[in-house]
Amino acid sequence: MLTVRLHRAPVAPATPAYEQELGRVLRLAQEGFYWQGEVEDLLIAIRDGGDLARLARSGGPIISRFEAMRVELQAIRDPALRDDLTALDEIFANHAMLLTCALDLLAVSWRSERLREEQGRLGGVGRQGERLAELTGRLKRLAEGA
């Protein structure tokens, strides 16, 4: 009887769909966490009365990326990740809106002292930033244990 020897390496078992989806969610959360630092830097520059044209050129692509990440989140359908997806969508929407409104405020703050006071209150991303840090850490631990 003739035996057949394969010269190929055995195929690795397929990664379960949950792990792939979890990996996608983790990568989006980590990217959002990275961009969050840029948002905070821009908010400080806006607070300090930076050049609107330069700040808008820097902020526009970040706002667009947060919105694109929200669209990417919608493509992930794993029910086990639903709460995390909802939280990330809320956080990304918050960050995009916060930066948009801050840029709008910079554009009109010259009109009144009250608007300049509001501009002076800008800084970090607040509780949503803490929420993103916590969620990213939890997703990372979950992925490492999967």
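**Entry 1: Leu85**

I began with Leu85, which turned out to be buried, with a relative accessible area of 10%. I should record at once that I am working with a predicted model, and that I call this residue buried because the cut-off for that word is under 20% relative accessible area. I then looked up where Leu85 sits, and found it in helix α3.

Next I asked myself which residues Leu85 touches once its neighbours within four places in sequence are left aside. The list I wrote down reads Val25, Leu73, Ile76 and Asp78. I also looked up the separation between Leu85 and Leu28, which stand 57 residues apart along the chain, and noted 10.0 Å between their C-alpha atoms.

**Entry 2: His95**

I stayed with helix α3, which covers residues 82-108, and moved along to His95, which lies in this helix as well. Is His95 buried or exposed? I found a relative accessible area of 0%, so I entered His95 as buried.

With neighbours within four places in sequence left aside, I listed the contacts of His95 as Gln36, Phe66, Val125, Gln128, Gly129 and Leu132. Three of these names, Gln128, Gly129 and Leu132, came up again when I turned to the residues of α5 that meet α3.

**Entry 3: α3 against α5**

I then looked up how α3 is placed relative to helix α5, which spans residues 127-145. Their axes come within 10 Å and cross at roughly 145°, and I noted that the crossing in which α3 passes α5 is left-handed.

Which residues make up this meeting of the two helices? On the α3 side I wrote down Asp84, Ala87, Leu88, Glu90, Ile91, Phe92, Asn94 and His95, and on the α5 side Gln128, Gly129, Arg131, Leu132, Leu135, Arg138 and Leu139. Sorted by kind, the residues of this contact came to 7 nonpolar, 4 polar and 4 charged.

**Entry 4: the whole chain**

Finally I stepped back to the protein chain, for which I counted 5 helices and 0 strands, and read the pattern along the sequence as α-α-α-α-α. How many of its residues count as buried? I noted 32% of the 146 residues, and Leu85 and His95 are both buried.

For the accessible surface of the protein chain I wrote down about 9200 Å², with 55% of it belonging to carbon and sulfur atoms. My last note was on contacts between residues at least 6 apart in sequence, of which 80% join residues at least 24 apart.

Definitions and conventions: Residues are numbered from 1 along each chain as its sequence is written. This is a predicted model: local features need pLDDT of at least 70, side-chain atom pairs count only at pLDDT 80 or more; totals for chains, interfaces and linings use all residues. Side-chain values use heavy atoms; hydrogens and water are left out. Helices (H or I, at least four residues) and strands (E, at least two) are DSSP runs, numbered from the N terminus. Buried means under 20% relative accessible area, exposed over 50%, partly exposed in between (1.4 Å probe, protein chains only). Contact means heavy atoms within 4.5 Å. Accessible areas come from the Shrake-Rupley method with a 1.4 Å probe; for residues, only the protein chains shown count as cover. Axes are lines fitted to C-alpha atoms, for helices over the stretch in contact, and angles run from 0 to 180 degrees between N-to-C directions. A crossing is left-handed if the near helix is turned anticlockwise from the far one by less than a right angle, and right-handed if clockwise. Ala, Val, Leu, Ile, Met, Phe, Trp, Tyr, Cys and Pro count as nonpolar, Asp, Glu, Lys and Arg as charged, and the others, Gly among them, as polar.
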